[in-house]
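Student: I have just opened this structure and would like some help reading it. Could you walk me through it, one feature at a time?

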Amino acid sequence: MNLPDWLAPWSVPHHRWLVATAACTALACGLPGVFLVLRRMSMTGDALSHSVLPGLVLGFLISGSLDSPWLILGAAASGWFTVMLIEWLHQRGGVREDAATGVAFTAMFSLGVLLLRLFADRVDLDPDCVLFGAMETAIHGRQIEIAGMGIPAIFLSSAGGAATAGLFVLLLHHRLVAAAFDPALAALLGLSPGKTRALLLAMTAAVLVTAFPAVGAVMSLALLVLPAATALHCCQRVPAVLAVAGLHGLLSAAAGLHLAIAAGINYGAAVVLCGAALFLAALAWHLFRHRANSKSARFSTKSAARF
Amino acid sequence: VNATAAAFFAAGWIGLLCGLLGTFVVVRRMALTGDMLAHAVLPGVVAGLAVGPDREPWLALAGAMLAGALGSLAFSSLQRHSRLKPDAALALVLSVFFAAGIALISRLQPAGVQAFLFGQIAALDRRDLLLLTLLGIVVLGFIPAAFRVLTLTAFDPAFARLSGVKVRWLEQLFFLLLAAAVVVAMQAVGVILVTAMLVTPAAAARFCTHSLAKMAWLACAIGIAGGCLGVWLSTLRENLPTGPLMALAVSAFFAIAAVAGPRQGWWSRQRRRRRERIRITAEDLLKRLWRNEEIQGGQPGHLATHQFPLIRLFRPALRRLRARRWIESPAEGKVALTPAGREEATRLVRSHRLWERYLTEFAAYPSDHVHDEAERAEHWIDEASRSALVEKLGDPGQDPHGKPIPPAPPPSPAPRRT
């Protein structure tokens with residue numbers, strides 16, 4: 001192939017798999033992330049991203065492989081347990097929500113690390129991967145043969161996550177929007193906001209399971225929050241926000257490849273840093289537009305009313 | 001230095017530091033801000049380690065403070081200028097700074113960064129222990145000396161400012177100490193579990209006391225005990241991680257305090273609630289006996305238990321009434337009011353009927369809707385409220401249903417309720 005110099009990284013097949021995996025992971029996280037941010041539950045996402053660890057390890061011990069439904073089940077269960085614990089401490093125990101979150105997720109995370117070390121000989125999950133993610137090694141890891149082509153298992157799991165998240169948002173769109181903006185109205189319409197919230201948390205836990213081995217606990221939080229934060233500064237309506245969030249995931253995955261190669265850094269971190277740069281650009285654009293608007297607001301209340 | 005002794009020494013100091021500072025972090029609702037700080041210092045630590053030779057702890061500390069300051073600057077400016085709510089701004093700063101740290105690590109690969117990521121208390125050397133001790137002494141001097149202004153600033157910053165406290169300076173100083181404590185604690189428990197050492201002991205202490213000073217010392221004690229317990233547990237077997245065990249140890253203390261804490265713990269709150277319910281049932285019982293006398297003229301009779309909603313509290317309520325000598329049993333299975341019990345019951349009925357009267361006259365209730373309201377309110381109306389009601393209503397003789405409001409008995413010798 002004759003590619004220009006700056007596109008050279010794309011000629012390496014495993015780079016393309018890396019970008020595809022990261023894009024799918026970012027998409028999978030970004031879609032439920034929009035609703036987490038809208039509902040001011042980002043730090044619940046943080047708690048979830050850490051507390052899926054013990055469930056992952058237990059699921060691994062039961063099934064013995066990194067891609068089995070036990071992992072998702074275990075992670076969803078431990079995530080669910082943590083959220084319940086936080087709510088119980090907050091509502092029945094009189095602990096403030098921030099302290100309850102801090103106590104619960106660190107306890108779960110340390111339990112996970114302890115299990116990981118205790119069964120280190122049987123669990124094929126590197127402790128490093130908890131913080132860094134292991135996308136680069138996973139791409140070279142297990143391949144699954146489909147139509148004569150070896151496809152990395154990690155890509156398939158992240159693509160599955162993205163597809164599920166997309167389906168989830170498509171099918172439950174009106175429920176999610178109603179529960180995010182007006183839970184009382186949602187309850188009146190029979191859209192049970194409580195169930196919607198539970199579904200959203202379960203979906204988040206499930207996508208975090210696919211993101212965790214790829215980018216680690218903390219950077220999967222970035223993939224949850226950054227697309228939504230960027231999109232919320234670009235547009236107003238939820239479908240547009242979802243679309244921009246998805247686009248943000250794709251763009252930061254692609255740009256991350258160039259940054260990772262140019263600066264010689266971890267690919268997951270590069271994706272997050274590119275995502276942060278996109279966010280800053282969106283914020284600058286928003287501030288610029290907002291300033292222009294607030295100047296004209298003196299003359300026209302109509303345009304000001306849009307904000 | 002003996003390695004185990006050094007580990008215990010470090011765990012104790014870290015528990016003390018984090019307990020003292022964490023108390024203010026928890027009462028100021030900054031637990032997640034502390035979490036953010038713990039992640040945001042990472043790029044600074046990495047840069048500090050990479051710049052200096054031989055992983056100089058002072059350079060790491062300086063870098064961490066710089067990065068921490070940048071992180072909280074980013075957080076506050078996001079809050080001011082963007083549409084993000086505080087939770088999203090926190091999550092964003094936390095994860096992006098952490099990613100920057102990971103990027104720096106993968107680029108520079110400085111020696112000794114593993115200790116900061118995963119915590120290796122055994123890897124702390126003389127210089128780290130010196131730094132830790134110095135920091136501990138500074139915090140031990142600063143917090144008690146500035147305790148009053150810190151408390152004032154935590155609970156009412158506007159009033160603190162008006163009283164001449166240099167709130168901004170104080171906050172900057174507190175922030176610097178917090179960042180320093182976060183950096184040293186990181187080397188023992190790892191970047192993610194710093195939050196546990198900072199928040200969990202203080203949150204546990206909160207179950208046990210209402211006084212901030214006691215809470216601070218208790219948090220210290222829990223931090224020290226948890227830290228040392230974690231180190232001890234990790235020596236029991238090969239290959240056990242110290243950091244997570246320390247975090248789990250303080251979490252265990254938290255769980256114990258949440259269940260058995262003498263003030264806000266689950267058990268004591270449950271007991272308080274039960275005592276209150278027993279009081280209410282007992283008062284309902286007294287009132288029932290009084291009504292019997294009003295209707296039938298003082299025949300001691302059986303109590304129909306189905307009239308009391310909290311039936312399983314019936315026996316404890318009877319015990320309470322007997323203990324206060326408000327009822328007596330003239331014959332087997334029968335109960336009657338004593339003179340003191342009659343006075344007490346009169347007060348209750350007075351509260352009930354005065355409140356019914358008040359609701360119809362001043363709150364526009366129809367007279368057939370007031371009974372249930374009064375049935376609830378009577379347990380909370382004290383002598384002062386009764387006289388206020390009498391003053392407002394001009395000493396009415398009857399309740400809205402035409403029943404007489406009994407005259408006030410002579411004031412009771414001791415206040416009935418706490």
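Tutor: Happily; we will take confidence, then helices, then single residues, then salt bridges.

Student: Let us start with trust. How confident is the model in chain A and chain B?

Tutor: Keep in mind that this is a predicted model, so confidence scores are a good place to begin. Chain A averages a pLDDT of 85, and 93% of its residues score at least 70. For chain B the mean pLDDT is 87, with 94% of the residues at 70 or more. The model as a whole has an ipTM of 0.90 and a pTM of 0.86.

Student: Where in chain A is confidence lowest, and where is it highest?

Tutor: An average can hide local detail, and chain A shows this. Helix 14 (residues 301-305) of chain A has the lowest confidence, at a mean of 46, while helix 11 of chain A has the highest, at 93. Across residues 297-307 of chain A the pLDDT stays below 50, and this stretch has eight contacts in the model beyond near neighbours in sequence.

Student: Then let me look at helix 11 of chain A. How do I read the length of a helix?

Tutor: Compare the span from end to end with the span expected from the residue count. Helix 11 of chain A covers residues 217-232, which is 16 residues, and reaches 24 Å from its first C-alpha to its last, close to the expected 22 Å. In chain B, helix 16 (residues 339-362) has 24 residues and spans 34 Å, close to the 34 Å expected. Just after helix 16 of chain B comes Ala364(B), with a positive phi of about 55 degrees.

Student: Where in helix 11 of chain A is there a kink?

Tutor: Look at Val225(A): a kink of about 25 degrees lies there, shortly before the proline Pro227(A). You can also check how covered the helix is: 16 of the 16 residues in helix 11 of chain A are buried.

Student: Now a single residue. What surrounds His233(A)?

Tutor: First find its place, then its contacts. His233(A) sits in the loop between helix 11 and helix 12 (238-263) of chain A. Its relative accessibility is 0%, so it counts as buried. Leaving out residues up to four places away in sequence, His233(A) touches residues including Phe279(A), Trp285(A) and Arg289(A), as well as Ser82(B), Arg83(B) and Leu84(B). A polar atom of the His233(A) side chain also lies 2.8 Å from the backbone oxygen of Ala229(A).

Student: Which residue of chain B makes a polar contact with the side chain of Ser42(A)?

Tutor: That partner is Asp87(B), and the contact joins the two side chains at 2.8 Å. Ser42(A) lies in helix 2 (residues 42-63) of chain A and is buried, because its relative accessibility is 1% and the cut-off is under 20%. Among the other residues in contact with Ser42(A) are Leu221(A), Val225(A), Ala88(B) and Ala91(B).

Student: And Leu124(B), is it buried or exposed?

Tutor: Leu124(B) counts as buried, at 12% relative accessibility. You will find Leu124(B) in the loop between helix 6 (113-118) and helix 7 (126-145) of chain B. Beyond its neighbours within four places in sequence, Leu124(B) is in contact with Ala10(B), Leu129(B) and Gln187(B). Ala10(B) is 114 residues away along the chain, yet the C-alpha atoms of the two are separated by 8.2 Å.

Student: How many salt bridges are there over all chains?

Tutor: The whole structure holds 17. To read one, ask where its partners sit and how exposed they are. Lys287(B) and Glu378(B) form one, with the closest N and O atoms 2.6 Å apart. This pair links distant parts of the chain, 91 residues apart: Lys287(B) is in helix 14 (residues 266-296) of chain B, and Glu378(B) is in the loop between helix 17 (370-377) and helix 18 (383-393) of chain B. Lys287(B) is buried at 10% relative accessible area, and Glu378(B) is buried at 0%.

Student: What would a salt bridge within one helix look like?

Tutor: Try Arg386(B) and Glu383(B), whose side chains meet at 2.8 Å, N to O. Both lie in helix 18 of chain B, three residues apart, about one turn of the helix. Arg386(B) counts as buried at 3%, whereas Glu383(B) is partly exposed at 40%.

Methods: Residues are numbered from 1 along each chain as its sequence is written. Chains are lettered from A and ligands numbered from 1 in the order in which they are written. This is a predicted model: local features need pLDDT of at least 70, side-chain atom pairs count only at pLDDT 80 or more; totals for chains, interfaces and linings use all residues. Side-chain values use heavy atoms; hydrogens and water are left out. Helices (H or I, at least four residues) and strands (E, at least two) are DSSP runs, numbered from the N terminus. The expected span of a helix is 1.5 Å times one less than its number of residues. The bend at a residue is the angle between axes fitted to the seven residues ending there and the seven starting there. Buried means under 20% relative accessible area, exposed over 50%, partly exposed in between (1.4 Å probe, protein chains only). A salt bridge is a side-chain nitrogen of Lys or Arg within 4 Å of a carboxyl oxygen of Asp or Glu. pLDDT is the predictor's confidence in each residue, from 0 to 100. A polar contact is a pair of N or O atoms within 3.5 Å; within protein, one must be able to donate a hydrogen and the other to accept it, and residues adjacent in sequence count only if both atoms are side-chain atoms. Contact means heavy atoms within 4.5 Å.
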